[in-house]
Amino acid sequence: MVVPLYILNTLRLGYSIVSCTFSSTTKRSLVGGLKPSHISLQNHLLHRPITSKISANQHNFTVAYLINSCGLSPEGAILSSKYVELQSSQGADSVLALLSSHGLSETQISKLVRSRPTILVADPEKTLLPKLEFFSSVVVSREDLARILCFNPNLLSRSLENQIIPAYNFLRSLISEENVVAVLKRSSWIFLENRRKNVAPNIELLRELGIPQSCIALLLAHNTKVLIHKHERFAAAVEEVKAMGFDMKKSTFVMALRALCGESSKSIWNRSREIYKRSWGWSDDDVISAFRKNPQCMILSEEKIMQGMDFLVNKMGWPSRVIATYPVILCFSLEKRIIPRCSVVKVLLLKGLIDEDFSLAYVILPQEQHFLERFVIRYINRLPQLWDVYHGKLDVKDV
């Protein structure tokens, strides 16, 4: 009887021949139809049955462990098994226990192993524990640490002494510990970067230009990604922002850098400029003026720009170019701030309780309590429905 040979392609997934002996007749039956170039490979495989069996068993154990102990799907386990091979469960069990003891849930551990399967063969005491203890010591809660490691498991594979601690000390020399923690939560990849390559030169350029330390700290703490750009590109963006007339000693300079630094950011800026010009009649001067007042208005989504402008211009009747004077208004929530306030004002206008001689900023910009005192509390006795209008329970036309 001829013993069928497994398809050679399955060897790439870690499987191999499991039969330990073949009769000479079987060999001839298997090899006889092959070309000479294939015979040497076939003989090589047939003369290593024990090694193949051990390899297959190790692979099968790894896949089973990834499924049963780490919660991976069969497909995910097979894929991850290409990058790690377990000899036993002892070391991997210790790794999972350590991660669990530091607050990672089963789901988070599964996600971490799926993205970084080699963590299972790391030394839990010498390699992983010191890093976990360090991150826990920088005022990171267990919940935050779990989320950070799931998002960036590479933090556990880098040298604590040569990479992570120097990166922390560098950040701490520029910003408060609270902001370092914020960076770790929001942009943890900066702990993996070679700061001497781009981050440090970019910060030095800002210092040479006289940018206040407070603005540099703001950029580093809240827009960390900007500082990682190649120095040449970063310097070009700085020059472009300067040419637009931004005051380098104000935070808007930092916000403008965020909007212009990087290819994707610049393309979003150009897209927004065309929307304001083509759809709402702004001039180039209007665009630059709005950008100088509030850089955020140039990196909003197209949907947010169009919905905000449509409501303010077409439904409320404010001239389009007036909004360019107060571009920050477009950054507010349409549903939670703009529509409720404008609905109240529209009712008061329709009832003749207020005149139209007030600005858009007078309605949208004040804190909520100030708005309520000006437009709701003052008129609530004469128009009790204002509360329902403000909270969206009553339509303007039904008052």
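**Note on an all-helix predicted model**

1. Start with helix 12, residues 213-222. Its buried residues are Cys 215, Ile 216, Ala 217, Leu 219, Leu 220 and Ala 221. These buried residues pack against four helices: helix 9, helix 10 (177-186), helix 11 (199-208) and helix 14 (251-260). Keep in mind throughout that this is a predicted model.

2. Now the overall make-up. The chain has 22 helices and zero strands. It runs to 399 residues, and 44% of them are buried. Take the contacts between residues at least 6 apart in sequence: 68% of these join residues at least 24 apart. The accessible surface is about 21,200 Å². Carbon and sulfur atoms account for 52% of that surface.

3. Next, the nonpolar core. The largest one holds 118 residues. Phe 191, Leu 257 and Leu 312 have the most contacts inside this core. Helix 19 (residues 334-350) gives the largest share of the core, with seven residues.

4. Leu 257 deserves its own look. Residues up to four places away in sequence are not counted here. On that basis, Leu 257 touches Leu 206, Leu 219, Val 226, Phe 234, Ala 237, Val 238 and Val 241. One of these partners, Leu 219, is also among the buried residues of helix 12.

5. Which residue of helix 19 can serve as an example? Val 345 lies in this helix. Its relative accessibility is 1%, so Val 345 counts as buried. Beyond neighbours within four places in sequence, Val 345 is in contact with Ile 354, Phe 358, Val 363, Phe 371 and Phe 375. For a distance, take Val 345 and Asp 355: they are ten residues apart in sequence, and their C-alpha atoms are 9.9 Å apart.

6. Ile 364 belongs to helix 20, residues 360-364. Is Ile 364 buried or exposed? It counts as buried, because its relative accessibility is 0% and the cut-off for buried is under 20%. Leaving out residues up to four places away in sequence, Ile 364 touches Ile 329, Phe 332, Arg 337, Ile 338, Arg 341 and Cys 342. Arg 337 is 27 residues from Ile 364 along the chain. The C-alpha atoms of this pair are separated by 7.5 Å.

7. Val 181 takes us back to a helix that packs against helix 12. This residue is found in helix 10, one of the helices that the buried residues of helix 12 pack against. Val 181 has 8% relative accessibility and therefore counts as buried. What does Val 181 touch, once residues up to four places away in sequence are set aside? The partners are Val 138, Val 139 and Val 140. Val 138 sits 43 residues from Val 181 in sequence, yet the C-alpha atoms are 7.1 Å apart.

8. Ile 109 lies in helix 6, residues 106-115. With 9% relative accessibility, Ile 109 counts as buried. Setting aside neighbours within four places in sequence, its contacts are Leu 96, Leu 99, Ser 100 and Leu 104. Cys 70 is 39 residues away from Ile 109 in sequence. In space, C-alpha to C-alpha, Ile 109 and Cys 70 are 7.0 Å apart.

9. Then the cavities. How many cavities of 30 Å³ or more does the structure hold? There are two. The largest encloses about 40 Å³ of space. Its lining is made of Ala 167, Phe 170, Leu 171, Ile 190, Glu 193, Arg 195 and Val 199. Five of the lining residues are nonpolar, two are charged and none is polar. Helix 9 (residues 160-172) supplies the largest share of the lining, three residues. Helix 9 is also one of the helices that the buried residues of helix 12 pack against.

10. For a check in the viewer, three places are worth opening. One is helix 12 with its four partner helices. Another is the set of residues around Leu 257, including Phe 234 and Val 241. The last is the lining of the largest cavity, where Glu 193 and Arg 195 appear with Phe 170 and Leu 171.

Note on methods
Residues numbered from 1 in each chain as written. Predicted model: local features only at pLDDT ≥ 70, side-chain atom pairs only at ≥ 80, totals over all residues. Heavy atoms only, no water. Core = buried A, V, L, I, M, F, W, Y, C linked by side-chain atoms within 4.5 Å. Buried < 20%, exposed > 50% of the residue type's maximum accessible area, 1.4 Å probe, protein only. Helix = DSSP H or I, 4+ residues; strand = E, 2+ residues; numbered from the N terminus. Contact = heavy atoms within 4.5 Å. Areas by Shrake-Rupley, 256 points an atom, 1.4 Å probe, with all protein chains shown as cover. 1 Å grid on protein atoms, 1.4 Å probe; cavity = no way out; pocket = protein on both sides within 12 Å on 5 of 7 lines; lining within 4 Å. Points joined across faces, edges and corners; volume = space filled by probe spheres on them. Nonpolar A, V, L, I, M, F, W, Y, C, P; charged D, E, K, R; others polar.
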